[in-house]
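The following exercises are to be worked with the sequence and the coordinates at hand. Each task is followed by a solution in steps.

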Amino acid sequence: YIHVLDSNTNVTRVICGPTRFTRTEAERIVAGPKKMILVPPRSYVKICSPHMRDPATGNALLDDRGQVLLRHGDEELRMRGDKEIKLASGEWTTPFPLYPGETIDGKPEPLLVVPKNEALWLRAVRPFEDHVAGDEWMFPGPATFIPRVEIELVETVKAKVIKQFQALKLKARRQCTDHTGIMREAGEEWLVRESGAYLPSVDEE
């Protein structure tokens, strides 16, 4: 694909191949030819200042001059699943170009697979769905984590294995309810004596 600037209108548009393009005297190629971006299965890529799209058709929105509209300063994750992973937000299964003003942050990355007895400590950096900025929660495995721009990965937490005749000492970071349903106050300490793997919540340390 290439970016073509029309000096009469100061509008830059995208021309996608395969095609034969002949520019006019008022036009000049400002970027490209470049290869389109292909997201492999079970992967995602981060796009900065993504273009706006019509929710009904998915086509790029243009202003009254014909310039594509961008969400300046915002980010978007474009993903592709597979037969096992179906993305509710739609998938980018075909190669796509970058519109003028869009940039790619890094290369396509594989989706993170969380194994058994591990969890991702997540934090909301902006409101979405039922979460407000600052909310924290655990995403336990085994599962595949679908990233969002609204979510920050704090760290990966591994389960603590409690053997026979052992106990795990926990402390409440804030007021919470433990795994047995008992209310705990911030700073309160208690023991977990049940044998097996124990995965602390975001409110426990």
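UniProt positions are given in the numbering used here, feature names are shortened, and annotations may be inferred rather than shown by experiment. The model is predicted: local features need pLDDT of at least 70, side-chain atom pairs count only at pLDDT 80 or more, and totals for chains, interfaces and linings use all residues. Residues are numbered from 1 along each chain as its sequence is written, and side-chain values use heavy atoms, with hydrogens and water left out.

**Exercise 1. Repeats and domains**

Task: State where UniProt places the feature "repeat: MVP", and describe the secondary structure of each span.

Solution.
1. The unreviewed UniProt entry places this feature at residues 116–163 and 164–205.
2. Helices (H or I, at least four residues) and strands (E, at least two) are DSSP runs, numbered from the N terminus. Residues 116–163 are 0% helix and 54% strand, with end C-alpha atoms 18 Å apart.
3. For residues 164–205 the values are 0% helix and 36% strand, and the end C-alpha atoms lie 21 Å apart.
4. The chain as a whole has zero helices and 17 strands.
5. The domain assignment, whose bounds come from an automatic or database source, gives domain 1 (1–110), domain 2 (112–158) and domain 3 (160–198). Between the C-alpha centres of domain 1 and domain 3 there are 49 Å.

**Exercise 2. Overall dimensions**

Task: Compare the radius of gyration of the chain with that of a compact globule of 205 residues.

Solution.
1. The radius of gyration is taken over C-alpha atoms, and the globule rule is 2.2 Å times the number of residues to the power 0.38.
2. The rule gives a value near 17 Å for 205 residues, but the chain has 24 Å.
3. Along the principal axes, the C-alpha atoms fill a box of roughly 85 × 30 × 25 Å.
4. Buried means under 20% relative accessible area, exposed over 50%, and partly exposed in between (1.4 Å probe, protein chains only). By this measure 34% of the 205 residues count as buried.

**Exercise 3. The start of a repeat**

Task: Determine where Lys-116 is found and whether Lys-116 is buried or exposed.

Solution.
1. Lys-116 occupies the loop between strand S7 (112–114) and strand S8 (118–124).
2. Its relative accessible area is 63%, so Lys-116 is exposed.
3. Contact means heavy atoms within 4.5 Å. Leaving aside neighbours within four places in sequence, Lys-116 is in contact with Gly-141 and Pro-142.
4. Trp-92 is 24 residues from Lys-116 along the chain, and their C-alpha atoms are separated by 29 Å.

**Exercise 4. Aromatic pairs**

Task: How many aromatic pairs does a search of the whole structure find?

Solution.
1. Rings of Phe, Tyr and Trp (its six-membered ring) pair if their centres lie within 6.5 Å; planes under 30 degrees apart count as stacked, over 60 as edge-to-face and the rest as tilted.
2. The search finds two pairs.
3. Phe-128 and Trp-137 have ring centres 6.3 Å apart and planes at 50°, so this pair is tilted. Both Phe-128 and Trp-137 are buried.
4. Phe-139 and Phe-145 form an edge-to-face pair, with 5.4 Å from centre to centre and 65° between the planes. Phe-139 is partly exposed at 22% relative accessibility, whereas Phe-145 is buried at 10%.

**Exercise 5. Cysteines**

Task: Explain why Cys-48 forms no bond with Cys-16.

Solution.
1. A disulfide is a pair of cysteine sulfur atoms within 2.5 Å.
2. The cysteine sulfur closest to that of Cys-48 is in Cys-16, 20 Å away, which is too far for a bond.
3. The structure holds zero disulfides.
4. Cys-48 counts as buried at 19% relative accessibility, and Cys-176 is buried at 6%.
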